[in-house]
Structures are given as C-alpha cells and as structure tokens.
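Here are a few exercises to work through with the model open in your viewer. Have a go at each task before you read its solution.

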Amino acid sequence: AGTGITLFSASFNLILGNVIAGFGNTPGSFGSGISISSGSVVSGSSNTIQGNFIGTNANGTASLPNGTGIRISSGSRPNDPVTSSNIIGGTTSGTGNVISGNDGWGISISGGRGTSIQGNFIGVGGDGHNPLPNGQGGIQNAFAFLPGRGNGNVIGGTTPGAGNVIAFNGVANVSQANGIKIESGTGNAILGNSIFGNYGLGIDLGSQYGPTPNDLGDSDSGANLLQNFPIITSVSNSGGSTSIAGTLNSVATTTYRVEFFANEDRGQRYLGSSDVTTDANGNASFNFVVAQLSASQRVSSTATDPNGNTSEFSPVIGQLLNISSRLKVGTDDNVLIGGFIINGTKPKKVIIRGIGPSLGNVGIQGYLADPILDLYQGNTLVASNDNWKFRSDGSSQRSEVEATTIAPTDDLESAIVATLQANVNYTAVVRGNDKNGGIGVVEAYDLDQLANSKFANISTRGFIETGNNVLIGGFITGNGVTKVLVRAIGPTLTNMGVTNPLQDPTLELKDGNGVTIRSNDDWKVREDGSTQQGEIEATSIPPTDDRESALVQTIPPGNYTAVVRGKNNTSGTAVVEVYNIQ
C-alpha cells in the first residue's frame, strides 16, 4: 500500500526511467504510483515525469498495479496554491511513459492546471498495442472544488509525437469507464491522440456518464463548456481518396480545429485536421480529403475552440440498431434465416426474437403459430428457445427478457438474450414447432449502443412466393446519418448449393411510412437508367450476377424496410442484405 513517489509542495523535479508498480493496490487503498500535490503555502509545479513504467513490469508486458498510476491534485481551500505546469511524457523518443495495468485511473488530475500529457501509452503495453488496461479508465480530469482549477490541461498536441495512445481502459465491473473523462474545468485540449477500445466513451464531458447532446449555438456551460461535436454527413470514396463532409454548429463567427479519426472504433487512427469558421448563425461546413479508406473503416471527429475546449467524439456516421425480417416460414429447408455480423472491439449484448402469433394483432393472416428460434455461431448451435419465458433447460428467463423492455407479447413466441463476440458471423433460424408453417419474423436488437461494436451487416434468406409472401427485411438506424448498401441476391445462390433460387430479384427500399425511397432491378443501372456500377463496385461487395439488385443510400435515423420480390411474379429462394458501409 502507500505511494511510490510523493512530491508534496515540491517543484522542478525530474522522475525519469523508473519502474513504479505495486503501490496502493490493496482493497480500499487510494495510493498511487506517483503523487504530486500542493500544500497550504507552496505549490507542486513544473515537475517532469518521463520514460517510466507505471503499473507494469520493466518491459511493459504484465500488470503490477498501483491504485492510480499518477495523481496530481490541488488543495480545496481558496488560498491553497494550484498544482500547475507539470509534464507527463514528451514528444521525443524515450520520453513517453507506459501508464497501464493500474487498478484505478491511469492519470487522475484533481484541480491541477496546465498539465501536459504527451507521447504516453495509457492502457496498452510497452509495444503500444497489446491491451493492459487501467481498471477505472485512462485519464480523469476530476471535479475541481474551486473555479479556475482543472483548467488548461493538454492531452496530446499538434506537434509530431505529441499524441498519446489511450486504449482498452476500464474493466467489465467498472461502469462506463472512459478513455478520457473531463468532469470539470475548461480549456482542456485533447488533440492528435489515438483513443479506442475503452470500456465507455473515448471522450466524456461532464459529471454524468454518457454522450452529451449538442445544443443550438453551443450556449451551455460545464466541463470544456460542453463543446458541441461536429456531425459527419457523408464519407465517399473516389479516385483513391476519401472525402469526409459534415457540419458544425457552435458559437458564431469562431474558428474551430476539427480533427478526424478512422478505424473500427472512434478515434483509433488520427487522420488530420481542418480549421473551420462558423458564420453569424453559428454554422460551418467542411469537406476533408484523405487517402482512400476501406469500406470497413468508420470515421469520427472532434471540435476544439480557440481556448482549447475539445468536444466529445462525434457519432460514427451511423449504425444499424435493429434488424427485423418477415417471411412465410415453410417446412424442411424453407425456414426463415437471419444472419448478422458484429464489428468492433467489444462484445455486444443483443436480444433475438422469433415472432409469430402477435402478427395476428396487426392484421396478418396465416402467421406462424409456434415459432422456435435457434442461434448459430458459424455452424455451431449456441442457443435455442421455444417459449420465451423459459430457457431450453426449463429454467425461467422471464425477468431477463422483460428487463430489455422488448419482451414478446405472446407466450408461444421465442427470445434469446445473449452477449455476442465481435467480428463473428451469427445466424438466427426461425422454424415452426412440429414443422408447421406460416408467416414469421426474426429480429435482433442492439441492447448496448455505447459499446465499441455494432451491427455491420444483416442478411435474411427465405423462399419468396407472390402477393404478400415476399421477403421483407427491416432495420433501424441511429447515431447520425447512415450509409447503407442493400442487396437482393438470387441467381448466385446456386453456387452455395441452394436449389430453386430466385432468378431475377427486384428490390425496394421504403421508409417508416412505407414510402419508396429507392428501387432497383439489375444492379448496374439505377431506376432512371443511369449507371451506378462504379458506386456499387466501390463498396467492394457488388453482386456477382447482373440480374441481382443493389442500391447505395445515405439515410437519416429511422425505420426502414427492404422488400425483395421476384420479377414478373416469379418464386424462389433469395437473400436480402443490408451493409453499414461507413
């Protein structure tokens, strides 16, 4: 227990090249690897911490936790001096610290001012890649007791080597642990870092946990003035480059630094920045061009005002929150098959439902009377359910399902609540008990939208008849506009051993009011006769048969359906797919 190195009312000291581990990690202890604080008369300022392993072994490969890695604090009385101008890390080789594996925060600043945090590995090992999380989070700018304290700290910077890697922080039993938590203070700049894979948000402003919504004109106050984040409206590839377009609403006639990031998680790879100036109404637009990104990468951004107040990350351009596919369920191989992939770095909690009898309440005739739901990971059956209140072993799951707030409304319907691994293919199969047929629905809902993972694509396979017995794939989007690729696949199913595939599928994309937004017959040509071959091929997943259908569309948050029919009222097995391509 205790603290490794304590600087109390001490200034101009250098802590260089040490292993500082195993201090203050006993239950109930608040000890730290390094503690810098001010007394009642003299401040603890202008100290430098460089090249140390804080919370790890000497190679940065294993955790030897402190309570908190580095703690910087000022007194709580009005006349107490402020701890200020301390340096953690640096921009040149060997000056950065490995601050990982601690039980609490990697760095906690309580009332400190003007701290520079640059070039450090926080939550990763000495190689800068392997996870070695700090249990409570990466960096905390804690609540400052007095105004003017907790201001002007800089995390990262604009010079080469200034950015920190702040990743994988937080553990499952610590609620909403963040990469960076700014609880109070203003002018705390967060620039040029790699922030990803943390248990909670990458950047979280304010005393509450979770995203802070923008406000018109950005007139609110609080931590970093609750600076508004940008909104990315489109990301498009062309000629070997990617254009990132969007808007910022904030204080009028002010110039902001907008930083851009990409990869599977928000903030993972810093792309660069652009200065934008708002007009008299507080609005600005931007179009930032980088080398072409792959279709799997996500783009996000932050805004920083002239006084160093950095926003939270913008939402990624959009995500699929729910899938719901409806089809007549037959016998043998003609069941309803819903497939999906979860991309990201964290597990995703979902509820999957097999719906039948309650369809009668909305006027659907011939519904599936008793649906059974099977969930597969790859080819392995991982869960099965018949009647939703009970698990397959007979134990009750009623309270768990009801806690999601979207339990089925009929006892004969099915549900599975599961936490699923990212970057794995899953398949949900709905069939009738005793092989009875009828119209059924398979659904999957995202129960943890803040997790660093998301539905990347959905697909549904089934036998398409005529009239109302077509294939209907529903989905919900949220968190900003979403760019989707929707495909209707038929002829190429022959290559997968499917008999009687639909030879010429047509596709319609409808909004929540049933209005057709787009339609397509043969994927290379739009409905107006113009070519869309290049746009579809740029997604890297075009159909392989000219008769199949596809469209790319950017859509706002809402409910949508993709309807697949056979041209000229033909029948056969087909697949409808929706991909989140940004």
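**Exercise 1.** Take the two faces of strand S41 in this predicted model and work out which residues sit on each side, and whether they are buried or exposed.

*Solution.* Start with the pattern: in a regular strand, side chains alternate between the two faces of the sheet. On one side of S41 you get Gly-572, Ala-574, Val-576, Val-578 and Asn-580. On the other you get Thr-573, Val-575, Glu-577 and Tyr-579. Now check accessibility, with under 20% relative accessible area as the cut-off for buried. Both sets pass, so nine of the nine residues of S41 are buried and the strand is largely enclosed by the rest of the structure. Last, look for a partner: S36 pairs with S41 in the antiparallel sense, over six bridges, and Ile-489 stands opposite Val-575.

**Exercise 2.** Find the largest pocket and say which residues lie nearest its centre.

*Solution.* The volume comes out at about 530 Å³. Next, go through the lining, which has 24 residues; Gly-339, Ser-459, Met-496, Val-575 and Glu-577 are the ones nearest the centre. Then sort the lining by character: 11 nonpolar, nine polar and four charged. Finally, trace it back to the strands: S27, S32, S34, S36 and S41 each put in at least two residues.

**Exercise 3.** Classify the aromatic pairs Phe-261 with Phe-313 and Phe-340 with Tyr-426.

*Solution.* You need two numbers for a ring pair, the distance of the centres and the angle of the planes. For Phe-261 and Phe-313 these are 5.3 Å and 90°, so call the pair edge-to-face. Phe-261 belongs to strand S22 and Phe-313 to the loop between S25 and S26, so the pair ties together parts 52 residues apart in sequence. Phe-261 is buried at 3% relative accessible area, and Phe-313 counts as buried too, at 6%. Phe-340 and Tyr-426 are stacked, at 5.8 Å centre to centre with 20° between the planes. That pair links S27 to S32, across 86 residues, and both of its members are buried.

**Exercise 4.** Work out the strand order of the seven-stranded open sheet, and which strands stand at its edges.

*Solution.* Walk across the sheet and you read S1-S4-S7-S10-S13-S16-S19, with parallel pairing. S1 and S19 stand at the edges with a single partner strand each, so one side of each has no neighbour in the sheet. From one strand to the next, the twist averages 10°. For a closer look, take S13 and S16: three bridges join them, and Ile-139 stands opposite Ile-180.

Terms used. Residues are numbered from 1 along each chain as its sequence is written. This is a predicted model: local features need pLDDT of at least 70, side-chain atom pairs count only at pLDDT 80 or more; totals for chains, interfaces and linings use all residues. Side-chain values use heavy atoms; hydrogens and water are left out. On a 1 Å grid over the protein atoms alone, a cavity is a set of points where a 1.4 Å probe fits but cannot get out, and a pocket is an open set with protein on both sides within 12 Å along at least five of seven lines; lining residues have an atom within 4 Å of a point. Grid points are joined across faces, edges and corners, and a volume is the space filled by probe spheres set on the points. Helices (H or I, at least four residues) and strands (E, at least two) are DSSP runs, numbered from the N terminus. Ala, Val, Leu, Ile, Met, Phe, Trp, Tyr, Cys and Pro count as nonpolar, Asp, Glu, Lys and Arg as charged, and the others, Gly among them, as polar. Two strands pair if DSSP finds at least two bridges between them. Axes are lines fitted to C-alpha atoms, for helices over the stretch in contact, and angles run from 0 to 180 degrees between N-to-C directions. Buried means under 20% relative accessible area, exposed over 50%, partly exposed in between (1.4 Å probe, protein chains only). Rings of Phe, Tyr and Trp (its six-membered ring) pair if their centres lie within 6.5 Å; planes under 30 degrees apart count as stacked, over 60 as edge-to-face and the rest as tilted.
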